[in-house]
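Me: Hi! I have a structure open and I'd like to talk it through with you. Can we start with how the chains meet?

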Number of protein chains: 2
Amino acid sequence: MNYKISNGKILLTGPDRLETAERDLYILDGRISFGPAGLPEESFEVVDAARHLVMPGLINMHTHAYMTLMRNYADDVGFDEWLFKRVMPVEDTLPLEGAYWGSLLACMEMIRTGTTTFMDMHMFRGQSCRAALESGMRAWIGRGLVGADLYGDGLSRFRQGLEEQAEYECGRIRFTLAPHAIYSCGPKLLEQVAREAADRGMRKQIHLSESDNEVDDALRKYGKTPVALLRDTGFLDEKTILAHCVKMRGDDISIIKEAGSTVVTNPASNAKLGNGFAPLQDFLDAGIQVCLGTDGTCSNNTLNMFREMGLVSLIHKAIHRNPVTAPADTVVRMATANAGRALGLAGELGVIAEGALADLIFLDLDAPSMFPVNNPVSALCYSACGSEVDSVMIDGSFVMRKGEYTSIDAERVRYEVQKVADQYL
Amino acid sequence: MNYKISNGKILLTGPDRLETAERDLYILDGRISFGPAGLPEESFEVVDAARHLVMPGLINMHTHAYMTLMRNYADDVGFDEWLFKRVMPVEDTLPLEGAYWGSLLACMEMIRTGTTTFMDMHMFRGQSCRAALESGMRAWIGRGLVGADLYGDGLSRFRQGLEEQAEYECGRIRFTLAPHAIYSCGPKLLEQVAREAADRGMRKQIHLSESDNEVDDALRKYGKTPVALLRDTGFLDEKTILAHCVKMRGDDISIIKEAGSTVVTNPASNAKLGNGFAPLQDFLDAGIQVCLGTDGTCSNNTLNMFREMGLVSLIHKAIHRNPVTAPADTVVRMATANAGRALGLAGELGVIAEGALADLIFLDLDAPSMFPVNNPVSALCYSACGSEVDSVMIDGSFVMRKGEYTSIDAERVRYEVQKVADQYL
């Protein structure tokens with residue numbers, strides 16, 4: 001289906017900052033065009049976007065979709081109880097089908113709150129892919145790898161990841177290599193992953209320097225920070241996505257900058273687990289590309305990128321005692337265009353531009369939280385809560401329209417998730 | 001109308017913590033009862049609350065409703081530009097009617113996101129009262145006072161406040177005395193206000209120790225902190241509500257504790273204006289009663305108490321590097337029962353209890369953000385975004401039902417607000 005989106009307020013990237021303009025958008029073969037591309041107007045279904053802000057779908061650059069089963073399941077407890085007594089026992093017994101329904105619930109929530117693309121690190125072969133495919137979402141997916149040797153103790157998970165890729169990779173679903181962290185993966189495995197990723201042209205993702213313990217242990221064991229260890233294994237390059245990066249020490253930031261890697265900050269998760277605040281301003285000052293992620297619901301407990309945008313701006317204004325720190329424009333880009341660049345789709349993903357992928361969300365400007373519309377970019381960061389999104393298009397198709405899912409049977413998902421929760425939680 | 005609320009999950013205050021139970025609630029003459037109070041069942045209209053959490057309405061203990069006109073109007077600028085070039089010029093020219101529509105928009109947003117009571121400090125005679133009365137909300141309202149002498153340069157505002165009280169005070173609308181701050185009010189005025197409030201049995205509210213400048217200036221001018229100044233003017237007692245309290249120094253916290261005054265923390269506003277983080281844990285450790293507020297939309301930019309609950313918990317976990325700090329149970333009480341106590345209605349407001357005021361909100365437990373319902377109290381603090389609220393009862397009457405306002409003509413409010421914004425912003 002081709003669409004003509006009319007009467008909307010369109011969020012565009014101006015020369016200096018994001019701005020809005022009232023203009024038509026044409027959607028043709030899953031791409032955005034500012035004109036009808038020579039086709040007669042009748043070949044487009046008109047979508048009336050009056051009183052709506054139309055913007056690029058948000059991109060959640062770090063999550064674990066299956067965990068959504070465990071939303072609000074392990075809160076206000078210490079880290080060890082959280083991980084070893086609550087989260088891991090569920091993960092150890094959960095069947096594949098359970099992870100599938102949890103992942104589909106994640107897609108439901110992400111679509112509902114305007115996220116169109118997510119980067120997932122998972123542990124249940126194929127389930128995140130199934131959920132993303134069926135929900136209509138765009139995703140970059142990686143099987144969490146652990147071990148000392150990719151071709152030894154790490155082999156079965158590596159194979160699972162490659163099997164998934166062979167089975168599911170398509171326009172909307174891409175694959176990454178995803179070693180879990182430097183404390184669960186040895187340097188040899190990291191080197192091997194770096195080579196495999198280079199050979200295959202794949203992106204890499206990893207949890208990095210999330211806690212003081214991680215950094216202190218690395219310094220004891222390797223005599224260097226986790227960031228330096230990654231550099232020395234050849235893991236850091238412009239296709240590397242580094243989640244968390246809370247505890248930067250020494251030259252860490254300049255190492256990341258030099259490598260051209262991307263940092264994904266996860267403010268809610270880092271706060272909720274008591275790890276603190278990532279040095280966002282230092283990343284920005286260094287010119288590092290920064291994106292935004294929610295992490296999984298066990299440490300958030302929502303996948304709502306609007307909450308995350310507000311949070312990241314507010315905490316950094318507070319930390320720096322400066323109302324100008326982390327302005328709305330910067331934050332909205334972190335959740336859109338920066339992610340598109342990090343995923344190798346600069347100008348194609350996370351922006352509204354001629355030829356860009358048609359991943360669009362429609363926000364109701366009549367919602368009390370958006371009204372009056374004094375500054376739409378401010379609204380996205382400071383007053384929206386996510387429920388203003390009433391329609392979502394991904395890859396040129398609507399997955400939610402006027403609040404109704406078109407791809408997901410929400411009642412069925414709730415029924416199945418509840419069954420899994422009753423049995424395994 | 002009397003109601004019987006059936007099939008809901010009811011949030012109750014257990015012996016140690018908040019808990020939920022499945023039981024019926026009867027609403028009779030604006031009060032909650034656990035039984036039909038001798039009346040036949042037919043005298044109650046049945047409200048089916050299946051798949052809903054029924055809880056006390058949230059209480060926003062510090063805001064400036066009229067400011068909602070200026071939502072997203074003055075962001076990402078320094079404090080002086082914010083106040084002197086953006087906010088104050090609007091306030092200086094805005095007519096009463098403009099403040100009324102802004103206040104009604106505030107009520108729309110508060111109701112939509114589950115707030116049933118607010119404490120307002122305003123500067124437009126009668127307009128906040130009108131909006132609260134018409135919307136059906138409960139409010140404690142105070143005319144912001146400034147000057148050196150309550151009966152001299154402060155007199156006209158004081159009189160306005162008393163006139164409002166005479167005109168509007170009723171069961172739902174109560175009045176406070178509201179000196180603006182120690183930097184805009186002299187010690188003599190503060191003493192006079194304290195006496196007037198005591199004579200009249202009124203509560204007092206004030207902005208306090210919001211910024212370093214305020215505290216440094218007080219130390220220079222008075223040789224004591226703003227808190228000590230308030231104590232020495234007789235202003236601090238158990239009927240005093242202190243908004244902000246970000247910059248506590250010396251004995252400030254023990255002074256507040258000794259006086260039995262209430263602290264209202266406003267995490268979004270303090271962060272957004274670059275003032276930093278209030279020492280929440282110190283207040284809690286001292287046994288001070290702490291409530292939660294959004295402040296006005298110029299420094300937030302939403303009146304969404306769910307956003308505020310999540311924020312206050314996350315930032316304090318991060319600051320203390322402890323996932324157990326500011327747990328959900330504590331935070332939900334800050335937004336409900338603590339406020340009821342601070343307003344002199346312990347056991348009557350902010351709780352579900354026999355005889356309590358029937359201010360109730362209904363949250364859809366099928367919303368993706370609430371599902372699966374592993375822990376409803378966690379959900380309120382960590383995953384809800386406010387849009388889960390679909391029905392709101394205040395004083396025994398529905399002001400929103402299944403997402404539809406019953407007291408507010410939303411379209412009219414938007415029309416009028418837009419007109420005011422076009423003319424004065």
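Reply: Happy to! The contact takes 57 residues from chain A and 57 residues from chain B, where two residues are in contact if their C-beta atoms, placed from the backbone, lie within 7 Å. Keep in mind that this is a predicted model, in which local features need pLDDT of at least 70, side-chain atom pairs count only at pLDDT 80 or more, and totals for chains, interfaces and linings use all residues. Residues are numbered from 1 along each chain as its sequence is written, while chains are lettered from A and ligands numbered from 1 in the order in which they are written.

Me: Which element gives the largest share of the side of chain A that touches chain B?

Reply: That's α11(A), with 7 residues. Elements giving two or more residues to that side include α1 (79–93), α2 (96–112) and α15 (410–424) of chain A. Helices (H or I, at least four residues) and strands (E, at least two) are DSSP runs, numbered from the N terminus.

Me: And what is that side of chain A made of, by class?

Reply: It has 28 nonpolar, 18 polar and 11 charged residues. Here Ala, Val, Leu, Ile, Met, Phe, Trp, Tyr, Cys and Pro count as nonpolar, Asp, Glu, Lys and Arg as charged, and the others, Gly among them, as polar.

Me: What rotation superposes chain A on chain B?

Reply: A rotation of 180 degrees, with 0.0 Å of shift along its axis and an RMSD of 0.0 Å. The fit is by least squares on the C-alpha atoms of residues with pLDDT of at least 70 in both copies. The two copies are thus related as by a two-fold rotation axis. Also, 100% of the interface residues of chain A are interface residues in chain B too, so the copies meet through the same surface.

Me: New topic: what domains does chain A have?

Reply: The assignment gives domain 1 (3–56 + 356–405) and domain 2 (58–342), with bounds from an automatic or database domain assignment. Their centres, taken over C-alpha atoms, are 28 Å apart. In chain A, 22 residues of domain 1 are in contact with 23 residues of domain 2. On the domain 1 side, α14(A) supplies the largest share, 5 residues.

Me: Last one: at what angle do α11 and α14 of chain B pack?

Reply: About 90 degrees, with their axes 6 Å apart. Axes are lines fitted to C-alpha atoms, for helices over the stretch in contact, and angles run from 0 to 180 degrees between N-to-C directions. α11(B) and α14(B) are therefore roughly perpendicular, a label for angles of 65 to 115 degrees.

Definitions and conventions: Parallel < 35°, antiparallel > 145°, perpendicular 65-115°, else oblique.
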